[in-house]
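Here's a quick tour to read with the model open in your viewer. Have the sequence handy as you go.

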Amino acid sequence: MVKETDFVKALGLERVLPTDAKVLPIEVSNTNRPGMQFADYWDFFAYERPQLLGKVEMTYLSKLDESTRRERLKKYFSYPLPCIIICRGYPCFDEMKVFAAAHNVPIYSTKKETTQFELELIVFLRDYLAPRETRHGVLVSVYGTGLLITGNSGVGKSEAALELIKRGHQLVADDVVDIRCVGENRLIGEAPELVRHFMEIRGVGIIDIATMYGVGAIIRSKSIDMEVHLEMWQAGKEYDRLGMTENYTEILGVKIPSLLLPIHPGRNLAVVLEVAARNLRLKQMGYNAAMELARRHMERAQRASEDEE
C-alpha cells in the first residue's frame, strides 16, 4: 500500500477528485494505459495498476459519442481501480468524475508528458514498495563500493568506519542500516532519518560526522556490494588465507559477497577494508589474484614436468 499524501507529494500531483482514503491500494510498480479498454477490449486488463491517461486515451474518449463514452467508462469503473492520473493537464470528463466518485476512485492530474511521468511513477513505486529489512551494522562507501560492516557490539565497527572517513571515504549509516531490495538483485542501504549522519564512539559519545568532517564525508544511500563480518581472533580457528573460495551472504533473497575478518591488536582495519573494496572491483572486472597465482603455479609445474621428460 502507498500513503496517499506521500503519493501526491512525491509526484507533484493535483487532486482532481480527492479521496478520504489514507492509503492507495497499489501493490505493484507497473502502470496501465487503458487505451485498449476504452476501445472495448477487456482481456488482460491490468486494473490493479495505477491508470495513466495521456494524449491518446483522452483524445479517443473525446471522439466517442456521449452514450458510447458513458458505456465504456461505466464498465471501466466496474473494476477496482486504485487511482487514475491524467497527464498533460487534460481536463477530466464529467462522466468520469461521476463514476469515480461512485466507486471512490481518486483522480489526479499532472502537466507532465505521459512517458516522462510514467517513468517517474515506476521509479517511485519500485523504491516505495521495495522489500525492506533493518540490520545492525555500519555501511560505508569505499572507493564507490558499499561495504556493510557487521559483527558483535564492541568489536570495532564504528572505529573502523571512522578511520575510513578520515581517509576520505563516506559514511552511510552507523549502528542501524535500513536495507531495501530494488529490482531483482540490488540492495540499497541508508540510515534511519532520526540518526542520519550521527555515529557512536565508545568512550567519546555521539558525534556528528557531517558537522565534524563536512558534507563530503557522508552520503544518504548506497548500494550494498559486500558484507564484511568482524570477529575477535580465535586461536586454533582456520581463517581463509588464499581467497580461492567465494563466500556469500543472503539479504532479502539477494546474495552478495561476504568476508570474515579476524580482529587482533595492531591490525589496521581501514587499510584491509580498502584492499577488500579494491579487490572486489578487480574480481568484478574479471581478475582474481588467487586464481592468477594458482595459474602461475600450474604453468611452472607443467614446465618442470616437461623438462624432466
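Is Glu4 buried or exposed? Glu4 is buried, because its relative accessible area is 4%, below the 20% cut-off for that label. Keep in mind that this is a predicted model. The notes below start from that residue and its salt-bridge partner, then move on to the other bridges, the pockets and a few spots on the surface and backbone.

**Salt bridges between separate elements**

- Side chains of opposite charge can pair when their charged atoms come close.
- The total here is 13 salt bridges.
- One of them joins Glu4 to Arg15, with 2.9 Å from N to O.
- That bridge links distant parts of the chain: Glu4 sits in helix α1 (residues 4-11) and Arg15 in strand β2 (residues 14-17), eleven residues apart.
- Glu4 is buried at 4%, while its partner Arg15 is partly exposed at 40% relative accessibility.
- Another bridge pairs Glu57 with Arg33, and their closest N and O atoms are 3.0 Å apart.
- Glu57 belongs to helix α3 (residues 55-63) and Arg33 to the loop between β3 (23-24) and α2, so this bridge ties together parts 24 residues apart in sequence.
- Here the Glu is buried again, with Glu57 at 5% relative accessibility, and Arg33 is partly exposed at 31%.

**Salt bridges in helix α10**

- Arg295 and Glu292 also form a salt bridge, at 2.5 Å from N to O.
- Both of these residues are in helix α10, three residues apart, or about one turn of the helix.
- An α-helix has 3.6 residues a turn, so residues three or four places apart point the same way.
- Glu292 is buried, with a relative accessible area of 17%, whereas Arg295 is partly exposed at 38%.
- Zoom out a little and you'll find a network of salt bridges that links Glu292, Arg295, Arg296 and Glu299.

**The largest pocket**

- How much space lies in the largest pocket? The answer is about 840 Å³.
- Its lining has 31 residues, and the closest to the centre are Asp240, Leu242, Gly243, Leu259 and Leu261.
- Three elements give two or more residues to that lining: β18 (254-263), α9 (269-284) and α10 (289-308).
- Helix α9 gives the most, with seven residues.
- Sorted by class, the lining of the largest pocket has 16 nonpolar, eight polar and seven charged residues.

**The second largest pocket and helix α7**

- The second largest pocket holds about 170 Å³ of space.
- Gly154, Lys157, Ser158, Glu200 and Arg202 are the closest to its centre, out of 13 lining residues.
- By class, the lining of this second pocket has two nonpolar, five polar and six charged residues.
- Which helix gives the largest share of the lining of the second largest pocket? That is α7 (residues 157-166), with three residues.
- Helix α7 is largely enclosed by the rest of the structure, because seven of its ten residues are buried.
- The buried ones are Lys157, Ser158, Ala160, Ala161, Leu162, Leu164 and Ile165.
- Just after α7, Gly168 has a positive phi of about 105°.

**A nonpolar patch on the surface**

- Leu194, Val195, Phe198 and Ile206 make a nonpolar surface patch of about 420 Å².
- Phe198 is part of strand β13 (residues 198-201), and its 36% relative accessibility makes it partly exposed.

**Positive phi outside glycine**

- Asp40 isn't a glycine, yet its phi is positive, at about 75°.
- You'll find Asp40 in the loop between α2 (35-38) and β4 (51-53), partly exposed with a relative accessible area of 41%.
- Arg88 is another residue other than glycine with a positive phi, near 65°.
- Arg88 is in the loop between β5 (84-86) and α5 (94-102) and is partly exposed at 39% relative accessibility.

**A distance across the model**

- How many Å separate Gly205 and Ala304 in space, C-alpha to C-alpha? They are 61 Å apart, with their positions 99 residues apart in sequence.
- Gly205 lies in strand β14 (residues 205-208) and counts as partly exposed at 26% relative accessibility.

Technical notes: Residues are numbered from 1 along each chain as its sequence is written. This is a predicted model: local features need pLDDT of at least 70, side-chain atom pairs count only at pLDDT 80 or more; totals for chains, interfaces and linings use all residues. Side-chain values use heavy atoms; hydrogens and water are left out. On a 1 Å grid over the protein atoms alone, a cavity is a set of points where a 1.4 Å probe fits but cannot get out, and a pocket is an open set with protein on both sides within 12 Å along at least five of seven lines; lining residues have an atom within 4 Å of a point. Grid points are joined across faces, edges and corners, and a volume is the space filled by probe spheres set on the points. Helices (H or I, at least four residues) and strands (E, at least two) are DSSP runs, numbered from the N terminus. Ala, Val, Leu, Ile, Met, Phe, Trp, Tyr, Cys and Pro count as nonpolar, Asp, Glu, Lys and Arg as charged, and the others, Gly among them, as polar. Patches are made of residues with over 30% relative accessible area and no salt bridge: like charges are joined within 9 Å, nonpolar side chains (Val, Leu, Ile, Met, Phe, Trp, Tyr) within 5 Å. Accessible areas come from the Shrake-Rupley method with a 1.4 Å probe; for residues, only the protein chains shown count as cover. A salt bridge is a side-chain nitrogen of Lys or Arg within 4 Å of a carboxyl oxygen of Asp or Glu. Buried means under 20% relative accessible area, exposed over 50%, partly exposed in between (1.4 Å probe, protein chains only).
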